[in-house]
Amino acid sequence: MTGTLYIVATPIGNLEDLTFRAARILAEVNVIAAEDTRHSRNLLRHYGISTPLISYYRERENSRAKELVARLLAGESIAIVSDAGTPGIADPGAALVRKARAAGIAVVPIPGASALTAAVSVAGFTSSEFLFLGFPPAKSGSRRKWLETLTIYPWPLVMYESPRRVADLLTDMLKLWGDRPAMLARELTKTFEETAQSTLSSLLGHDITLAQRGEYVVIVWPMVAPDKGGDDVDGLLRWYRDQGEVSLKDACHRLAADLNLPRTEIYQRALTIWREKDDL
Ligand code: SAM
């Protein structure tokens with residue numbers, strides 16, 4: 001009998017955010033592969049779990065994965081945890097998952113905390129679409145090029161960023177995209193948790209302590225109709241039309257959701273506005 005590989009989500013701050021099932025699995029497996037064993041030992045101590053830990057970090061992912069697959073094939077069960085949140089989301093885990101699957105081993109998710117879902121849950125997206133991007137490139141030149149490739153996306157963009165670079169990231173976005181609506185979620189579930197939602201310039205200015213500390217999720221919304229204000233339906237429709245990235249139908253669909261208006265009403269305006277362009 002081969003063992004099972006469990007991908008276990010752990011808290012992103014508040015130690016109470018571990019599920020009952022996660023605690024049971026961590027106590028039952030033969031070994032826990034952890035990104036940082038010292039960090040995970042605190043969590044295990046809190047829950048009175050004494051399962052042995054071995055280290056599993058990015059630089060050793062491939063060699064460790066081979067070793068762990070051999071143990072799984074020999075019948076041991078293994079849990080993998082990262083320092084915070086869900087392994088495999090901007091964290092080690094993927095190499096072991098792929099190798100275990102290729103070897104026919106059962107890979108079981110034990111869902112729970114993630115900074116991504118925590119931040120999105122308090123962002124108030126009106127549609128269920130968003131784009132998660134992990135970490136932006138660290139160097140400013142590559143980051144700017146990377147941001148340029150994202151300009152056309154019509155969805156909220158969600159990313160992780162280190163406290164040392166978050167102000168530079170917001171500044172680059174402001175230069176490239178103008179003053180888009182944005183949100184910072186800092187230190188979620190921890191003592192100094194802070195969330196602030198306004199625009200890029202005011203987040204940079206006053207709303208939140210951009211201290212070089214803490215952990216951040218950054219969300220930026222697509223710009224709608226620059227200079228027109230957020231609820232000018234005609235302006236927004238013209239903006240969608242001129243961007244040329246979405247069809248008339250999709251533009252109506254998005255605006256109806258964003259502005260909470262009946263789609264038929266927006267559709268009538270859209271027909272006129274799309275026709276305007278044909279008349280030009
Ligand atoms: N796998 C993790 C998850 O599912 O949340 C993310 C790991 S990634 C290496 C770490 C990044 O997640 C941090 O740099 C930060 O951007 C974000 N993050 C983690 N914990 C956070 C928290 N408590 N509040 C806000 N952001 C957090």
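**View A. A charge over a ring: Arg180 and Trp177.** In this close-up of the predicted model, Arg180 places its charged end over the ring of Trp177. The distance to the ring centre is 4.1 Å.

**View B. Aromatic pairs, beginning with Phe125 and Trp221.** Five aromatic pairs are counted in this model. Here Phe125 and Trp221 meet edge-to-face, with 5.6 Å from centre to centre and 80° between the planes. The pair brings together distant parts of the chain, as its two residues are 96 residues apart. Phe125 belongs to the loop between α5 (115–121) and β6 (131–132), while Trp221 belongs to the loop between β10 (216–220) and α9 (233–243). Phe125 counts as buried because its relative accessibility is 18%, under the 20% limit. Trp221 is buried too, with a relative accessible area of 17%.

**View C. A tilted pair: Tyr153 and Trp155.** These two rings are 5.5 Å apart, centre to centre, and their planes make an angle of 35°, so the pair is classed as tilted. Tyr153 is partly exposed at 29% relative accessibility, and Trp155 is partly exposed as well, at 25%.

**View D. An aromatic cluster around Phe125.** Take another look at Phe125, this time with Phe130 in the frame: together with Trp221, these residues form one aromatic cluster.

**View E. The ligand and its surroundings.** Around the ligand there are 19 residues, of which Ile89, Asp91, Ser114, Ala115 and Tyr216 come nearest. For Asp91, a polar side-chain atom lies 2.8 Å from a nitrogen atom of the ligand. Backbone atoms take part too: a backbone N or O atom of Ile12 is 3.1 Å from a ligand nitrogen atom, and one of Glu161 is 3.4 Å from a ligand oxygen atom. The ligand taken alone exposes 570 Å², and the protein buries 91% of that area.

**View F. Strand β1 and its neighbours.** Welcome to β1 (residues 4–8), a mostly covered strand with five of its five residues buried. Thr4, Tyr6 and Val8 point one way from the strand, whereas Leu5 and Ile7 point the other way. Strand β5 (residues 106–110) runs parallel to β1 and is joined to β1 by five bridges; Leu5 has Val107 as its bridge partner there. Strand β4 (residues 78–81) also pairs with β1 in the parallel sense, over three bridges. In that pairing, Ile7 is matched with Ile80 of β4.

Notes
Residues are numbered from 1 along each chain as its sequence is written. This is a predicted model: local features need pLDDT of at least 70, side-chain atom pairs count only at pLDDT 80 or more; totals for chains, interfaces and linings use all residues. Side-chain values use heavy atoms; hydrogens and water are left out. Rings of Phe, Tyr and Trp (its six-membered ring) pair if their centres lie within 6.5 Å; planes under 30 degrees apart count as stacked, over 60 as edge-to-face and the rest as tilted. Helices (H or I, at least four residues) and strands (E, at least two) are DSSP runs, numbered from the N terminus. Buried means under 20% relative accessible area, exposed over 50%, partly exposed in between (1.4 Å probe, protein chains only). A charge sits over a ring if NZ of Lys or CZ of Arg is within 6 Å of the ring centre and within 35 degrees of the ring normal. A residue is near a molecule or strand if one of its heavy atoms lies within 4 Å of it. A polar contact is a pair of N or O atoms within 3.5 Å; within protein, one must be able to donate a hydrogen and the other to accept it, and residues adjacent in sequence count only if both atoms are side-chain atoms. Accessible areas come from the Shrake-Rupley method with a 1.4 Å probe; for residues, only the protein chains shown count as cover. Two strands pair if DSSP finds at least two bridges between them.
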